[in-house]
Amino acid sequence: MEQKMTEQEFVATFDEAAANHHLMVFYQPQINHATGRMVGAEALLRWRHPAKGMQFPSDFIPVLEKNNLIYQADLFVFEEVCRLLRKLINEGDMVVPISVNMSRYDIYGHSYVADIEEIRKKYDIPVKYIHVEITESSAIGGKDLIIQVMDDLHRVGYLVEMDDFGSGYSSLGVLKDLPVDMMKLDMRFLQGNIGGRGGTIINSIVQMCKWLNTPVIAEGVETQDIADFMKTIGCKYVQGYLYSRPLPEDEFLAFLASVDHEPLSASSGMVDAMNNMNFWNPDSLENLIFSNFVGPAAVFVYENGNVEILRVNEKYLKEIGMSRTEQEILDDNPWDNHTAESRDTYRHAIEKAIKTGEEVTCENWRTVCSDICGENKICVRSTLRLIGQASDQYLIYAMVQNITAEKERFMLAEQDENRFKAAFEHANVYAWEYTIATHEMRPCFRCMRDLGLPPIVKNYPDTAIEAGIFPPEVADMYRALIRDIDNGRDNIDVIIPLTVGRVPFHVRYTTEFDENGKPLKAYGSATLVVDQKDAE
């Protein structure tokens, strides 16, 4: 009769259990429901006590995690998988990829990739035969680290699977940020009702994975009805009790020998008809896709120069919706809001995103009309990324920002600058700023234009003297004036000749001090002396 072990027993007997194979690996086949062929398997840890019998993973896995033993357990599983694969390769038997689980505990404080690589190389197993499974929840609080580990796995050649996608944490951010190669869907969505909201959500996820060209495995499939439903929506790979429970090694080898095999491949193509009502159910989109995604966003299809918006989130409506409803935006032709120039800018950005596969940002003005706000011209910054493709149809994800206020402030500042320039022109004034600590001078636009000065003049005033701005006979006098400023003189007011033509200018300086009375900067100006009597 099976008895539940205590936490103390699990911890105390762990090493002995591993050494004596009371810890063991079971394998659950993964099947193409359309063909009945095997595409892979998942390795699962089991514990059989010699006296108390089989222990539930839900009992011992949390204990191993709590007592820092899970890393040893996961490496144990990995080595058992490598040992089995080596046996199959040596005997010339058919080999299928086997997935191993990586937990968050494996990557914190451990060199996970280096350790599994040492084991794989020890058994000389081609990396294509081992997949690594992670859960999206393992990235919570440490997404950057898990992405780094995934990048390391990819560099070696492992395929990375996302386990339990749709279990309550997943969002479009997962698909965007975590570079997974395969999705495993949690079939708890379909418990009790194949149709319903759960079916709508699963259908939406499968369609997204098609656009991402990512294979999908339905996990936990127990009935023919669920397997058939998954096949109708484009997910043909299943894992669960419908085909097989997790099997001990000898039974798994018998199962492996009894079925045909085929490689697992990506879903092919996008759905043929992508109208916005069937693309994603609004509830599943709002709750599953966009609700956890940062920023205003839209998904649209680009085909032969035409744009069709499929979905927008609530933040999009607040950012640039102009009090329009989602349906009003979906019904609009997006190009109607653009001028010819604006349309060309946006189209060029889309096509660049398609060509490069990278994020592309553009800014353009649009005219948006609504019954409540009337007609308004707004400037939108869009960051575009290709997330799916089928023939000439491209699925684009767009993050948007209304930057109208920013642009208007810039235009006002530009107008002020132009007025300031005009005033300077009429007043015949040159101005500059001198930083005392660094001996750097920042000239105004007239200084740069008329005197050929760079935006920053270093080693001032010697550099300006060497450039001929100050005639030789006043060079030493001007150096003395600057030394006075360096030493704390608060203002200067002199008339001196400037340039090779020795044109007289009225030169003024005002010094700025810190709270301790130390000179920081001096602000200089030079005004042309019109009345020659002033120069005498």
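This briefing describes an antiparallel sheet, the aromatic contacts and the salt bridges of the structure above. The model is a predicted one. Five strands make up an open sheet, ordered β16-β15-β19-β18-β17, with antiparallel pairing. Across the structure, 13 aromatic pairs are counted, and a search of the whole structure finds 26 salt bridges. Y430, R446 and E440 recur in the points below.

**The sheet and its helix**

- Strands of a sheet pair through backbone hydrogen bonds, in either a parallel or an antiparallel sense.
- In the open sheet with the order β16-β15-β19-β18-β17, the pairing is antiparallel.
- The edges are formed by β16 (440-443) and β17 (491-498), each of which pairs on one side only.
- On average, and with direction ignored, neighbouring strands of this sheet are turned by 25° against each other.
- Helix α19 (residues 472-486) lies across β15, β17, β18 (503-513) and β19 (519-528). Relative to β17, helix α19 runs at about 160°.

**Strand pairings in the sheet**

- Four bridges join β15 (residues 429-435) to β16 in the antiparallel sense. On this side of the sheet, W432 is placed opposite P443 in β16.
- Seven bridges join β15 to β19, again antiparallel. E433 stands opposite Y523 in β19.
- Nine bridges join β18 to β19, also in the antiparallel sense. V507 faces A526 of β19 as its opposite residue.
- The hairpin of β18 and β19 has five residues between the strands, and G517 in this hairpin adopts a positive phi near 85°.

**Aromatic pairs and clusters**

- The distance of the centres and the angle of the planes describe a pair of aromatic rings.
- The count of aromatic pairs comes to 13. Y27 and F252 are stacked, because their ring centres lie 4.9 Å apart and their planes meet at 25°, which is under the 30 degrees required for stacking.
- This stacked pair links distant parts of the chain, with Y27 in strand β1 (residues 23-32) and F252 in helix α10 (residues 249-258), 225 residues apart.
- Y27 has a relative accessibility of 0% and therefore counts as buried. F252, at 1% relative accessibility, also counts as buried.
- Y430 and F505 form an edge-to-face pair, with 5.9 Å from centre to centre and 70° between the planes.
- The Y430 and F505 pair links distant parts of the chain, since Y430 belongs to strand β15 and F505 to strand β18, 75 residues apart.
- Y430 is buried at 13% relative accessibility, and F505 is buried with a relative accessible area of 10%. Both values satisfy the cut-off of under 20% for a buried residue.
- One aromatic cluster consists of F10, F14, W47 and F60.

**Arginine over aromatic rings**

- R446 lies over the face of Y430, at 4.3 Å from the ring centre. R446 is buried, with a relative accessible area of 5%.
- R347 is positioned over the face of W335, at 5.4 Å from the ring centre.

**Salt bridges**

- Side chains of opposite charge can pair when their charged atoms come close.
- The whole structure contains 26 salt bridges. One of them joins E440 and K458, whose closest N and O atoms are 2.9 Å apart.
- The E440 and K458 pair links distant parts of the chain: E440 lies in strand β16, and K458 in the loop between α17 (445-451) and α18 (462-466), 18 residues apart. E440 is buried, with a relative accessible area of 15%.
- R446 also forms a salt bridge with D450, at 3.8 Å from N to O. Both residues lie in helix α17, four residues apart, about one turn of the helix.
- D450 is partly exposed, with a relative accessible area of 36%.
- R449 is a further partner of D450, their closest N and O atoms being 2.7 Å apart. R449 is partly exposed, with a relative accessible area of 47%.
- Elsewhere, salt bridges that share partners join E42, E133, K184 and E219 into one network.

Terms used. Residues numbered from 1 in each chain as written. Predicted model: local features only at pLDDT ≥ 70, side-chain atom pairs only at ≥ 80, totals over all residues. Heavy atoms only, no water. Pairing = 2+ DSSP bridges. Helix = DSSP H or I, 4+ residues; strand = E, 2+ residues; numbered from the N terminus. Axes fitted to C-alpha atoms, helices over the stretch in contact; angles between N-to-C directions. Contact = heavy atoms within 4.5 Å. Phe/Tyr/Trp six-rings, centres within 6.5 Å; stacked < 30°, edge-to-face > 60°. Buried < 20%, exposed > 50% of the residue type's maximum accessible area, 1.4 Å probe, protein only. Lys NZ or Arg CZ within 6 Å of the ring centre and 35° of its normal. Salt bridge = Lys/Arg side-chain N within 4 Å of Asp/Glu carboxyl O.
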